[in-house]
Amino acid sequence: MKSGSRLWAFLVRDFLQEVSYRTNFIMQIVGVLASLTVWYFLGSFFARFPQLAESLGGMDYFSYSVVGIAFLRYLSRLNSTFASKVRQEQVAGTLEAMLVTPNRTSVLVLMSSAYELVSSTLWILAWLFMGRMFGAAFHLPALLPAALLLVVVMASFASIGILSAGMVIYFKRGDPVTWLLASGSTLLGGVFFPISILPEGAQMLAHLLPITHAVEGFRQLIVKSADLPAIWPHLQYLTIFAAIFLPLGLAIFHLALRRARLEGTLIQY
Amino acid sequence: MPRSPHDPAVFTRGLCKSFSSRRKISELIRHPFTKGRKIVALQGVDLEVRQGEIFGLLGPNGAGKTTLLKILSSLVLPDAGEARVNGCDIMQDEMGVRRAIGYVTSDERSFYWRLSGRQNLIFFARLFHVPAAIISERVDSLLRRVELQAKGNEPFSAFSSGMKQRLAIARALLHDPPILFLDEPTRSLDPVTARHIREFIRDKLAGEGGKTILMATHNLHEAAGLCHRMAILNRGQVRRVGRLDEFRALFAAHRTYRIDLDRQVNLEGVGRLVSDNADGEENGAPRDTADSHRVRLLVELDQDSDGALSALMARLATSGARVLEFTRQEPSLEDIFDRLFSEGSTP
C-alpha cells in the first residue's frame, strides 16, 4: 500500500514534469517518424537483394532493423535511466530532500526510474506499431511469451543500469559500464546486421550481450510468429543474466551509497 | 521516542567526522596510493538538546554546523561517536530518525521547479507516508499555515525566496515531526522576510507547535532573538554551550568605557595617560568619530578596577582634557561571539 503510494507519487511527478515541456512529445513523434522513414528507404533498397533475406533468417531488412533499433533504444534508456535520475536529482538539488524521507535510498532510486521504465516500454510499443504502419512484417505475438521475454529483458537491462547508477554516485562522472555496453551492443548485438557475419571471437562476445538475446527473441515472436519453445534459449540466458547482475548491481549500488555517505559526497556532482 | 520528557531530543557524544580533500591530478599521478589530506569537520562533539527548546548551533563558516545537522539527519555517516535523535540511534535506526525530523535547508533548489508548490508538497507527503486520504487536507492546511494558500497552485519557479523558504518549512512539517533541523533558515532573505520567518519559527513552530528546533546559523542576532540555548562551534569543536545571558556574564570580568573628548587636547598625552591605566597600547588608543570636534577613547578595564577608572578620570581632568561624554559600553553580540569563536583557536 505504502509502496504503491510512493510509486504513484514518482509516476505523477515525472508525468507532470514531462507534460510541462509542451513541445517535447511532438518532437519525439517527429523523431520517430523521421527515423522510420530513413530505415524504410534503406529497407526498400536492400529488398533489391533477395539473397539478403536468407542471411537475415528469412526476414526483410526493414522489419529486422526496426526490431533491432527498438531494443537498442530500450537498452540505452534502461541502462542510463537510474544513473541519470540520480544525477538529475543531484544537479536539481532535490536528492537531499528525498533522502531525509523515511525510505531506503535504493527504493527511492528504483522508484525514480519507474516513469522512465513505463515510458520506454510504451515508446517501444509505439515504435513497433508505427513500424507496422510503414509496412514492417509484424504479427501480434503470443501474449505469454512476449510478456515473459519483456520482463526478463527489462530486468537484465535494468541490472546494468543500477550498477551504472552506483558508479555515478561514487565517481560522479564517467560511467564506463554504460558506454562499453552501449557501444558493444550497437556493434555486436545483431541490431543492424546478423552476428553470423562477425569473426568467430566477436560472435562469442555477441552471445554474451543481453541485447543479442532480446532482439533475436522478439524477432522470433513478432516477425516469425514463433511460440515459447523458439525463444526458450534466449529467455533462459536473460534470466540467468538478470539473476547474476541484478543482485550484483544492487550490491555495488549499496556499496557506493555507503561510501558516498561516509565521504559526505552523496549530494555532490 | 524519548522515554521521558527529561530525555534529550537530540544527544551526541564524541561525534567525529573528517573528509578527505580532493587531490590534484598531478598528486594522484605521483602518489597514486596515498590518501588525500584529512579535513577535520567535527571533533568529539557532545551535545544535548532538550525537548521543546530552540537550540542554536553558532559558528563561522566551516565550523561544522551543517556537517553536524547532516549526520543527525542520517545523510552523512560519522567516523566515530554516537548520536540519538528522538531516542533513535542514527546508525541503527535511520528510518526512526527520519520519521522524527523535518529538515529545512536554505537551498532553494530542493524542489521541482516545474511543479506547483502544492504538487511538490503532495509528492513529498507520499514519501513521508502521509495516508493518501488526508494528503490533500494536510497540504492545504500547511499552505495556510505558511501563508501560501493563494500561491499554492503557482509553479515553484515563480516563488520568491521567502515563499520558497516557507514552502521548505511546510514540507518539513508534512509528517508532523517532533524535531526540526533548520540550516541557515533565513540566509539570502531580505530583512523583512527574514524577520517574518523568525517570528514564524518562534511563535508557530516552537510556541504553538511545541517542536524542538535545532538551528544552524551564523547570524548572531537571529540566534540571540530565537534560541533558548546555543552551542558555539568552531573548527569542529563545541567551545561552549549555554544561554546568551551566560555568555554575556563571561564578559563581566571586563568593562568597556567610551570616553569622548574635545579634540582640542594633546592626544599623545592622552594616549600615554590611558596606557598607564589600561593594559595594551591598543586599549584606549584615540579614534576619530563622525564629529570632527570629538575624539573617542575605548578603554577596557577589569571589573574590580574602579580605582583605576577614578585615577584615569582624575588624570584626564588634571591634563586639561575636556570630557564631552562618558558611557559604560555593553559588549555587542559581535564582541561576545568574536571572543567565544576565538576561544581555544590556534592561528
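Start at A:Glu96, which pairs with B:Lys70 in a salt bridge whose closest N and O atoms sit 3.0 Å apart. Keep in mind that this is a predicted model. Between chain A and chain B the count comes to 2 salt bridges, and there are also 16 residue pairs in polar contact, both residues at pLDDT 80 or more.

So what does chain A bring to this contact? Helices H1 (2–20), H4 (61–92), H5 (95–99) and H12 (228–263) of chain A are the elements that each give two or more residues to the side touching chain B. H1(A) gives the most, with 10 residues. Sort that side of chain A by class and you get 17 nonpolar, 10 polar and 9 charged residues.

Now zoom out to the whole contact: 36 residues come from chain A and 31 residues from chain B. Together the two chains bury about 3100 Å², with carbon and sulfur atoms giving 60% of that area. On the chain A side, look for A:Val100, A:Pro102 and A:Arg261, which supply 24% of the area chain A buries against chain B, more than any other three residues.

Next, look inside chain B, which is divided into domain 1 (10–242) and domain 2 (252–342). Their contact takes 11 residues from domain 1 and 6 residues from domain 2. The area buried between these domains is about 760 Å², and carbon and sulfur atoms give 79% of it. B:Leu220, B:His221 and B:Ile232 supply 56% of what domain 1 buries here, more than any other three residues. Between the two domains you'll count 0 salt bridges and 0 residue pairs in polar contact, taking pairs with both residues at pLDDT 80 or more.

How values were computed: Residues are numbered from 1 along each chain as its sequence is written. Chains are lettered from A and ligands numbered from 1 in the order in which they are written. This is a predicted model: local features need pLDDT of at least 70, side-chain atom pairs count only at pLDDT 80 or more; totals for chains, interfaces and linings use all residues. Side-chain values use heavy atoms; hydrogens and water are left out. Contact means heavy atoms within 4.5 Å. Buried area is the accessible area (1.4 Å probe) that two parts lose on being put together, summed over both. A salt bridge is a side-chain nitrogen of Lys or Arg within 4 Å of a carboxyl oxygen of Asp or Glu. A polar contact is a pair of N or O atoms within 3.5 Å; within protein, one must be able to donate a hydrogen and the other to accept it, and residues adjacent in sequence count only if both atoms are side-chain atoms. Helices (H or I, at least four residues) and strands (E, at least two) are DSSP runs, numbered from the N terminus. Ala, Val, Leu, Ile, Met, Phe, Trp, Tyr, Cys and Pro count as nonpolar, Asp, Glu, Lys and Arg as charged, and the others, Gly among them, as polar. Domain bounds come from an automatic or database domain assignment.
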